[in-house]
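Subject: Structure handover

Hello,

I am passing on the structure below, followed by notes on what turned up in it. Please read them with the model open.

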Amino acid sequence: MSDFAPAGDPVIPDYGQASDCVINNGAFCTDWFLSQWSTVFWPPLVSHIVMVAIAVSIGFVIAFGAGLLAYRKKWLAGPIGMAATFLYTLPPLALFQLLVPFTGLSLLTVEIALVCFTLIIIFQAVLVGLSGVPDDVRRAATGMGLDRNQLLFKVELPLALPSIISGLRIATVLTVSIATIAAFVVDDGLGSPIIKAVSSPFNTQFVGAGALAVLLAFALDGLLVLLGRVLTPWTKARS
Amino acid sequence: MTQHSTGTSITFDRATKTYPGAAVPALDALDLEVEAGELVCLVGPSGGGKTTALQLVNRLVDLTSGDIRIGDRSITDQSAIALRRTIGYAIQQSGLFPHYTVADNIATVPVVLGWDKARIRTRTAELLELVGLSPVETWLPRYPAQLSGGQQQRVGIARALAADPPVMLMDEPFGALDPITRVAVQDEFLAIHRAVGKTTLFVTHDIDEAIKMADRIAILKPGGKLAQFDTPANVLSDPADDFVAEFLGAERGLKRLALTTVGEIVTAGTTGAKAATTDGARPSTTGWPDVEATMTLREALSVVSAARADGAIVHSDGSRLGEVSLHDLIAPPAAGEDREGVRA
Amino acid sequence: MDVVFGSFPFMIDHLGLLLSSTGDHLVISLIPLLAAIVTGVPIGVWLGHAHRGEFLAVSVTNIGRALPSLALIAILIGFVGIGTLNAVIALFLLAFPPILSYSFQAVDSIDRDLTRAARGMGMSPLQVLLKVELPLGLPMIIAGIRTSAVLTVSSATIATIAGSGGLGDVILNQVAYGMEGVIAGAIWVAVLAILIDQAFALLLRISAPAGVKRLQSANAA
């Protein structure tokens with residue numbers, strides 16, 4: 001039995017006057033959720049967003065750089081892809097724990113692990129996007145006298161944007177999900193109220209925090225879709 | 001050739017390209033002199049090196065040996081990037097940037113050359129007018145995906161002309177268009193070529209397109225060797241060898257008839273002579289079909305054949321210009337010798 | 001650092017524990033995985049064959065990806081209680097979406113000209129499915145199973161909070177096994193995930209039809 005497994009019957013948290021729903025441990029007690037919002041749910045939601053934003057930003061910078069490098073030096077694509085796939089395959093909980101001896105029970109540990117999981121997704125999205133630029137477009141651009149940097153910044157990267165954005169979307173949604181597991185290492189994020197409620201299996205806390213994580217994933221996904229629309233106006237222009 | 005020529009000659013001097021790992025050259029010691037303002041078509045089967053020859057000029061492919069000069073200047077005298085900005089380049093599928101509007105596409109080279117905004121705007125509008133996309137305001141903000149194939153190709157040509165390059169390279173620019181659009185764009189490009197007089201190298205695998213467009217045709221054969229370089233009329237009447245004859249096909253005689261219009265032979269006053277001499281009187285023209293003076297002899301022959309007649313009545317702008325007999329059509333006195341006339 | 005090295009003696013001393021935990025881990029991973037294959041592949045293939053239900057396939061995938069495994073397992077504690085059943089249901093819910101969407105894509109994305117040609121030659125819908133769509137779609141179907149297999153083994157680690165056993169029990173029980181035990185369990189489950197991933201990678205290479213493989217290597221050359 002692990003430290004976290006429930007030890008016995010539900011222990012209903014006594015937060016003052018409990019409603020029938022709370023006393024009977026109903027599936028989701030709206031009154032309790034609302035009354036505890038500012039203490040139980042809001043702070044972990046904020047720290048969750050921060051955690052995800054940091055991880056995806058750093059992951060993006062690293063994977064974008066690696067993607068550009070692998071695009072210019074084709075022979076690097078294989079080894080980089082293999083390394084990033086290897087990291088992606090590791091079970092999140094295992095990676096968190098394996099980092100603890102080096103970086104402790106810290107936010108640094110969490111961020112390193114989360115970044116590791118974003119790499120392959122963004123790396124491949126960049127590479128696929130750049131490789132997907134039509135040959136005739138590249139040939140026309142070169143033939144007109146654009147130099148390498150102009151070709152990259154004026155033609156190749158803009159045309160790779162849809163693929164890069166969709167990679168970012170997947171990486172973000174995935175990171176929101178995995179970041180809940182960070183609560184085994186630090187008392188942060190939406191995983192933390194979930195783990196705290198395990199020993200007294202209290203449904204509203206599970207359901208509330210879980211639903212917030214799912215909603216957060218969809219909200220961030222929607223934001224990235226909007227960003228994509230703004231950045232790539234030509235994709236919706238059809239005759 | 002053209003009065004308003006602003007072009008510069010292109011000279012291939014034993015230009016040779018052997019790709020790494022290839023046993024035979026893709027282009028073998030090509031000697032070719034394209035005069036200023038001239039439109040030369042490079043034709044030949046795949047493997048003949050025609051696209052290689054074109055891409056050597058703007059250094060998308062590097063010479064193995066020999067030289068190419070634009071005007072008096074070797075293409076290796078300046079950087080490839082600087083060279084390319086002085087050469088118009090249009091390719092099949094147009095190669096338009098999907099994320100740029102029509103305006104931005106045309107402005108690509110002027111922008112990298114650092115032209116000011118007002119000059120770019122004027123130039124863009126002028127070019128859209130030139131390629132027949134007006135009113136320009138409707139076309140400027142569109143994306144390539146919002147244009148038909150023919151419109152995309154017109155924008156591609158406008159983009160190639162943007163920085164007013166003395167030389168144009170066109171790599172099967174109309175290859176992906178449907179036959180009707182293709183004819184329209186060909187006609188427009190010929191008109192533009194006459195107006196701006198750019199020296200143009202034009203790659204096509206379609207011999208009929210070459211016959212229609214070219215001042216002179218360069219026929220390349222496998223192994224990258226030049227088989228013949230001459231005017232369409234001369235190529236058709238005197239193929240240099242069996243390869244050229246076979247490449248031109250069994251309809252070579254008919255293709256030659258496509259070089260002259262009925263209007264030209266009627267105006268030249270050479271019609272009817274043979275027919276009139278048979279019994280001293282002009283033949284009856286009863287049942288002869290009507291043809292337009294702008295039709296080629298080949299087209300008129302088709303009309304006459306379909307009507308099972310011995311000749312046709314030629315009209316121009318609604319008035320009767322004269323008549324041509326079957327004999328006039330199949331044995332014209334000077335078919336294709338006046339190239340400019342065909343285009344007028 | 002010492003802890004990492006210390007985990008190796010732990011593995012030797014507690015080989016029995018690790019092996020039985022691995023056994024439990026595989027059982028709670030394989031049951032939901034098999035259930036997801038048995039349900040997800042036929043549904044996905046059928047939808048793909050009919051070129052219908054794209055919205056369903058995409059939605060299931062999106063929700064599946066957004067659903068945190070930890071939240072899912074925790075919520076099920078409330079409704080199913082603790083134990084293996086909880087883990088099996090949770091892991092099934094996680095394994096199902098990738099298998100469904102890959103199977104759908106595998107068949108749906110096959111060049112319509114091919115299936116039209118097959119029908120034009122007089123093949124029945126079933127023959128088109130068995131002779132054209134399944135052989136060509138097989139690699140992608142297996143890719144979906146691969147994704148789900150790795151996901152299931154990964155998530156089974158967390159299922160321990162529902163008291164289901166497996167290697168998560170070792171990883172999350174520092175009190176009993178010390179940090180060496182935690183690291184040993186983490187290494188063990190990481191290796192397990194990689195082995196399973198590589199096994200499927202191998203299967204993937206074998207599963208591609210000979211003609212397609214030749215085509216791929218020709219394209220790569």
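Two strands count as paired if DSSP finds at least two bridges between them. With that in mind, and given that this is a predicted model, here is what I have on one strand of chain B and on the contact between the chains.

Strand β7 of chain B covers residues 167-171. It runs parallel to strand β6 (residues 87-91) of chain B, and 5 bridges join the two. One of the partnerships is that of B:Ile87 with B:Val167 in β7(B). Strand β8 (residues 199-203) of chain B also pairs with β7(B), again in the parallel sense and over 5 bridges. Here B:Met168 is opposite B:Thr200 of β8(B).

Helix α8 (residues 179-196) of chain B belongs with two of these strands: β7(B), α8 and β8(B) form a right-handed β-α-β unit.

Are the residues of β7(B) buried or exposed? The strand is mostly covered, with 5 of its 5 residues buried. B:Val167, B:Leu169 and B:Asp171 point one way, while B:Met168 and B:Met170 point the other way. In a regular strand, side chains alternate between the two faces of the sheet.

Now the contact between the chains. Chain B puts 20 residues into it and chain A 18 residues. On the side of chain B, the elements giving two or more residues are α2 (80-84), β6 and α4 (108-112). Of these, α4(B) gives the most, with 3 residues. By class, that side of chain B has 11 nonpolar, 7 polar and 2 charged residues.

Regards

Definitions and conventions
Residues numbered from 1 in each chain as written. Chains lettered and ligands numbered in written order. Predicted model: local features only at pLDDT ≥ 70, side-chain atom pairs only at ≥ 80, totals over all residues. Buried ≥ 20, exposed ≤ 12 C-beta atoms within 10 Å, placed from the backbone. Helix = DSSP H or I, 4+ residues; strand = E, 2+ residues; numbered from the N terminus. Right-handed = clockwise from strand over helix to strand, strands pointing away. Contact = placed C-beta atoms within 7 Å. Nonpolar A, V, L, I, M, F, W, Y, C, P; charged D, E, K, R; others polar.
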